[in-house]
There are 2 protein chains.
Amino acid sequence: MGRDNVYITNIPLEEALKTYLEALPSPVGTQIIDADEALHRTTAKAVFAKRSSPNDHCAAMDGIAVVAEKTHGANERNPLKLKLHDDFEYVNTGNLMPRGKDAVIMIEDIAPLDDDQVEIIEAAYAWQHIRQVGEDIISGEMILPSRHKIRPLDLGALLSGGADKIEVLNKLKVGILPTGNEIVQSMEALEKGKILDTNSSVIKGLLLELGCEPTVYTPAIDDPVILTAAIKKGIEENDFLMTIAGSSAGSKDFTVNIIEELGDVIVHGVAIKPGKPTILGKMDGKGIVGLPGYPVSAFFAFEKFVKPLIESWYGLPHAHHQVKAKLTQRIISSVKNEELIRVTVGQVEDQWIVTPLSRGAGVTMSLVRADGILTVPRLFEGIESGEWVTVELMKALEDIEQRLVIIGSHDLLIDIIADEMPISSTHVGSFGGLMAMKKKECHIAPIHLIDETTGIYNISSVRKMFPEGDMSLIQGVKRLQGLMVKKGNPKGIKKFEDLTTEGVVFVNRQRGAGTRQLLDFELKKRDIDPENIEGYHRELTTHMAVAVAVLSEGTDVGLGIYAAAETMGLDFIPIGYETYDFLVSNKVLEEPRIKNFIKVLKSEGFRHKLELIGGYTYKDAGSILQIGAQDD
Amino acid sequence: MGRDNVYITNIPLEEALKTYLEALPSPVGTQIIDADEALHRTTAKAVFAKRSSPNDHCAAMDGIAVVAEKTHGANERNPLKLKLHDDFEYVNTGNLMPRGKDAVIMIEDIAPLDDDQVEIIEAAYAWQHIRQVGEDIISGEMILPSRHKIRPLDLGALLSGGADKIEVLNKLKVGILPTGNEIVQSMEALEKGKILDTNSSVIKGLLLELGCEPTVYTPAIDDPVILTAAIKKGIEENDFLMTIAGSSAGSKDFTVNIIEELGDVIVHGVAIKPGKPTILGKMDGKGIVGLPGYPVSAFFAFEKFVKPLIESWYGLPHAHHQVKAKLTQRIISSVKNEELIRVTVGQVEDQWIVTPLSRGAGVTMSLVRADGILTVPRLFEGIESGEWVTVELMKALEDIEQRLVIIGSHDLLIDIIADEMPISSTHVGSFGGLMAMKKKECHIAPIHLIDETTGIYNISSVRKMFPEGDMSLIQGVKRLQGLMVKKGNPKGIKKFEDLTTEGVVFVNRQRGAGTRQLLDFELKKRDIDPENIEGYHRELTTHMAVAVAVLSEGTDVGLGIYAAAETMGLDFIPIGYETYDFLVSNKVLEEPRIKNFIKVLKSEGFRHKLELIGGYTYKDAGSILQIGAQDD
């Protein structure tokens with residue numbers, strides 16, 4: 001398994017982008033199209049009106065057109081008679097003003113005497129109720145500047161100003177070439193060991209939003225000859241080409257060599273993470289970018305290089321939607337690279353807070369869940385919890401503002417709630433939820449913490465953490481916990497004692513999780529040494545993750561809720577019901593978000609869905625249990 | 001000319017909308033489509049993952065797959081030899097983990113001994129460098145909630161989670177039926193007295209942005225039989241129909257009677273301005289809305305009724321992008337109606353300011369220029385200047401923030417600048433500009449004010465208004481002023497004295513304009529009584545508006561700049577050059593926006609464009625002239 005030692009550089013992002021922009025001329029041409037077809041296109045030049053609007057003086061009201069001067073002196077005591085054709089003409093709104101007339105009297109202000117005579121009791125002033133030539137648009141006036149993205153409203157002004165043909169920027173033709181032997185493009189072809197090409201769909205969508213014309217090519221396998229042919233074709237048929245995967249310097253990463261051979265590699269390797277193994281190249285005078293294959297890396301390489309490149313070619317400003325917010329967790333970062341951290345953002349008690357999401361380069365859900373990106377610059381070792389940071393937003397601030405922030409223990413019912421109202425949820429276990437609540441970083445903390453002496457859930461833990469009181473538990477559900485094992489229970493696991501059996505592999509929840517606490521409580525009660533349980537130190541963060549692990553080869557058992565076992569088709573050995581509640585500060589109990597949350601808990605729809613899953617009781621769900629100060 | 005006395009109500013907006021929403025069931029169905037085609041569609045139901053991602057344990061690094069337990073004890077002093085197939089297998093990133101192996105050692109951390117032996121000097125821990133099943137997405141997990149508009153990023157997660165088919169909301173089919181004898185749909189058909197149908201293009205664009213499938217029909221003439229047929233067809237072929245124009249209660253407004261006859265008129269007449277004569281009706285169980293014909297009224301009726309209706313049917317939140325800002329001009333409003341005022345918004349010295357635009361219902365450019373809408377509620381007589389108001393934004397706040405705010409005298413060169421950098425300009429004359437600057441409502445005030453004693457421009461006016469100094473003039477241009485007359489000068493106008501000639505009709509600029517001041521200065525010098533000039537009291541607000549007026553019938557002469565006369569093909573009798581400068585506060589001189597402005601004034605491109613128009617000199621354009629305190 002020989003490996004070429006291709007050198008990957010570590011050029012700072014700004015420098016790499018600048019170098020690349022300078023090396024590539026804009027390939028964007030222009031074309032003339034009908035204004036009617038111009039929605040969301042970008043003007044190539046300023047558009048000037050070819051005609052005025054209105055183009056003639058028009059009546060602005062229904063009524064009669066008169067010569068203002070001839071109406072002077074009319075008043076209640078001296079009504080003035082006017083004769084059709086001699087003194088006035090009838091006009092409707094929008095009609096051309098009859099020749100010589102310079103005012104309109106509203107229909108409501110005239111008294112018809114007979115078929116061709118009317119009487120008025122008030123004089124008209126010159127230009128009254130007339131839309132003068134050019135009132136809206138004056139011929140020669142600029143309607144739209146250049147490099148303006150045309151909105152629906154602009155269409156009306158373009159047409160009114162006689163600019164029915166306009167010069168717009170061409171849509172950039174961009175090729176997307178996925179590469180790799182294991183890549184397939186349909187679910188049907190997705191055998192074991194194959195990987196579905198999800199990157200192309202994402203990149204295609206991003207290109208469409210930028211106003212490009214993307215083409216996705218059939219994946220090219222890792223063969224230099226085939227890849228070379230595919231790249232040549234992609235360059236030939238487009239203004240710009242992206243390859244996906246194979247952009248690094250491994251044994252099967254041919255892209256960089258091919259570009260080197262047929263054109264120029266301008267940058268290979270950028271100091272960002274994720275996204276480091278990006279290639280910025282040039283071939284036949286056109287741009288070719290090699291995106292990394294991991295979905296998150298591909299996305300960031302696109303956002304940080306391709307998007308600014310295209311925006312610059314189109315002459316469009318790079319929009320910065322930012323918010324300043326408080327970081328809730330410490331971030332450790334590499335000094336060598338600029339790190340791009342996906343984060344959620346929430347507003348709790350008038351404070352904007354930021355919570356980092358998974359940093360795995362393969363975790364596409366972290367991109368779906370992300371509200372924004374926090375950049376930790378190069379030469380920084382990280383950012384401390386509690387510091388104020390600037391986040392570049394991926395969602396509208398107005399939408400984020402309306403969301404309920406939930407941090408704490410995970411349960412499947414969170415998904416049900418998320419379908420009913422906008423929430424942002426982070427799973428850090430019950431104890432993590434208590435901590436987040438203490439630091440005012442969430443509205444709601446779902447918890448299930450057993451008091452080892454009384455066996456009562458949650459209340460004593462809350463009292464300990466919030467001795468001053470002022471807290472409430474919104475009652476949630478009782479849920480069935482138990483041991484999850486493979487269908488048919490091949491290892492014959494019946495009780496906690498069986499976890500230490502030779503050949504039984506367990507999978508655990510993370511420290512701070514209520515379920516972990518429950519396990520440790522039960523083990524202690526039975527005097528079982530955790531070190532005798534194989535897999536005790538493998539920690540996963542949700543019930544579903546444990547269930548999936550149990551389902552897969554090499555793992556036999558985990559502790560979790562019935563709902564997770566049922567959903568994944570596992571067998572289940574019940575231990576008992578535990579109480580899963582929602583901690584909330586009394587201060588926010590009257591907030592619309594909280595009220596809405598309670599309404600959902602009490603709703604028939606929610607309860608029906610719990611029953612469909614099974615393993616829950618919900619008699620008191622949504623009731624408020626006030627937790628007073630410790631002395632109460 | 002008989003008129004039906006159809007009664008138009010004056011129902012408050014909220015009430016009208018609520019009544020209408022209750023009367024109409026949602027016509028939106030659902031369909032199942034490929035996830036790949038789902039960009040910008042809206043989920044009908046929550047989407048749950050059908051498979052985990054990854055679906056098997058995979059290598060997260062290039063290297064060798066081992067059994068962690070068997071590597072324990074390896075260190076620098078005790079290297080461990082591993083044998084291919086017996087102890088390890090080679091893996092690349094993304095490969096399935098070989099059966100039984102539970103850790104990956106990175107390729108960089110192994111030393112190959114021969115073709116089938118390697119040496120390691122560090123033990124592996126279990127699950128090291130492995131992407132576990134479900135690391136990204138767990139089967140059964142919710143990927144997207146219902147009523148979620150799908151972004152490019154979401155596509156990746158949908159595909160990764162095996163949700164390659166998803167249920168989305170149908171695109172609502174909406175018909176647009178323009179009406180009126182005078183309406184034509186192409187520039188070619190636009191004879192005198194005809195009106196181009198610009199509304200349909202705007203409404204169609206707005207519907208596309210809302211995710212509908214709009215159809216624009218051929219305009220129906222004002223004939224009850226033809227209109228009835230067109231409405232029936234439109235209702236039959238769509239989920240929802242809008243008619244444009246003919247929605248009021250005039251002699252040719254048949255729409256309301258037709259709806260009354262074939263269905264139900266639920267509301268006719270709403271207490272908003274513009275937009276009052278709106279019809280909200282129902283026919284064959286489907287919605288039919290009659291929009292007013294004036295472009296601005298049609299837009300507001302759409303925004304206030306049709307958009308909320310469609311958003312409600314789609315179950316999408318109504319996004320509120322708002323800003324609080326200080327009103328710069330008093331607004332007088334009707335007590336009877338909610339008034340929707342188009343406004344520009346700007347940021348000057350850390351303060352957000354709002355300036356009302358034209359309120360004419362036919363002024364489509366006011367919609368193009370508008371940054372937002374200020375609503376003056378019913379029962380309010382208006383809002384005083386200086387009050388803080390909430391504006392619903394039509395543009396991104398980030399874009400507005402970057403704009404240079406220019407208030408003052410108008411010149412064509414403002415358009416040239418607007419094409420080079422983002423600006424917002426309001427034309428209120430030189431004196432209005434001074435006032436705006438005094439109140440800190442603009443960055444730049446273009447002025448040309450002559451000192452009647454010295455004949456020197458601008459400096460003394462600035463000193464008078466800003467006795468404390470701290471101001472500068474960014475020098476602009478010298479521009480040629482003169483009398484604009486029709487081509488060939490049919491009335492033989494040569495000098496100011498000719499303005500009083502019987503049969504000569506003049507058109508004036510508004511009070512406060514520098515050009516008006518110049519006129520009054522010249523008239524006074526010559527002892528001409530303005531009251532002897534016909535048209536002296538007809539005021540227009542820009543040079544171009546005056547030029548267009550002179551071009552049209554009934555007006556002979558106006559005072560203005562050479563550039564306007566030249567652009568409109570008028571003859572021009574020069575009076576002399578005047579100085580047109582840009583007043584600015586020293587405080588903001590170093591701001592990027594101001595620096596950019598100066599750069600444009602000094603640029604070759606700008607100067608070249610001035611020369612193309614003619615009538616300008618620009619030797620000192622862009623130089624700074626400090627205006628000290630009065631005693632300096």
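What rotation superposes chain A on chain B? In this predicted model, the answer is a turn of 180°, with 0.0 Å of shift along the axis, and the fit comes out at an RMSD of 0.1 Å. That is the relation of a two-fold axis. If you want to find the axis from chain A, look for A396(A): its C-alpha is the nearest one in that chain, 5.3 Å from the axis.

Now for how the two copies touch. On one side there are 79 residues of chain A, in contact with 78 residues of chain B. Several elements of chain A supply at least two residues each to that side, including the strands β11 (142–144) and β15 (195–196) and the helices α3 (199–209), α7 (364–369) and α13 (543–551). The biggest giver is α2(A), with 8 residues. Sorted by class, the side of chain A that touches chain B has 37 nonpolar, 25 polar and 17 charged residues. And since 99% of the interface residues of chain A are also interface residues in chain B, the copies meet through the same surface.

Let's move inside chain B and pick out one helix pair. Helix α1 (residues 13–23) of chain B packs with helix α6 (residues 295–314) of chain B at an angle of about 40°, their axes 11 Å apart. That angle makes α1(B) oblique to α6(B), and their crossing is right-handed. From α1(B) come L13(B), L17(B), Y20(B) and L21(B), which meet K304(B), F305(B), P308(B), L309(B) and S312(B) in α6(B). By class, this contact has 7 nonpolar residues, along with 1 polar and 1 charged.

How values were computed. Residues numbered from 1 in each chain as written. Chains lettered and ligands numbered in written order. Predicted model: local features only at pLDDT ≥ 70, side-chain atom pairs only at ≥ 80, totals over all residues. Axes fitted to C-alpha atoms, helices over the stretch in contact; angles between N-to-C directions. Helix = DSSP H or I, 4+ residues; strand = E, 2+ residues; numbered from the N terminus. Parallel < 35°, antiparallel > 145°, perpendicular 65-115°, else oblique. Left-handed = near helix turned anticlockwise from the far one by under 90°. Contact = placed C-beta atoms within 7 Å. Nonpolar A, V, L, I, M, F, W, Y, C, P; charged D, E, K, R; others polar. Least-squares fit on C-alpha atoms with pLDDT ≥ 70 in both.
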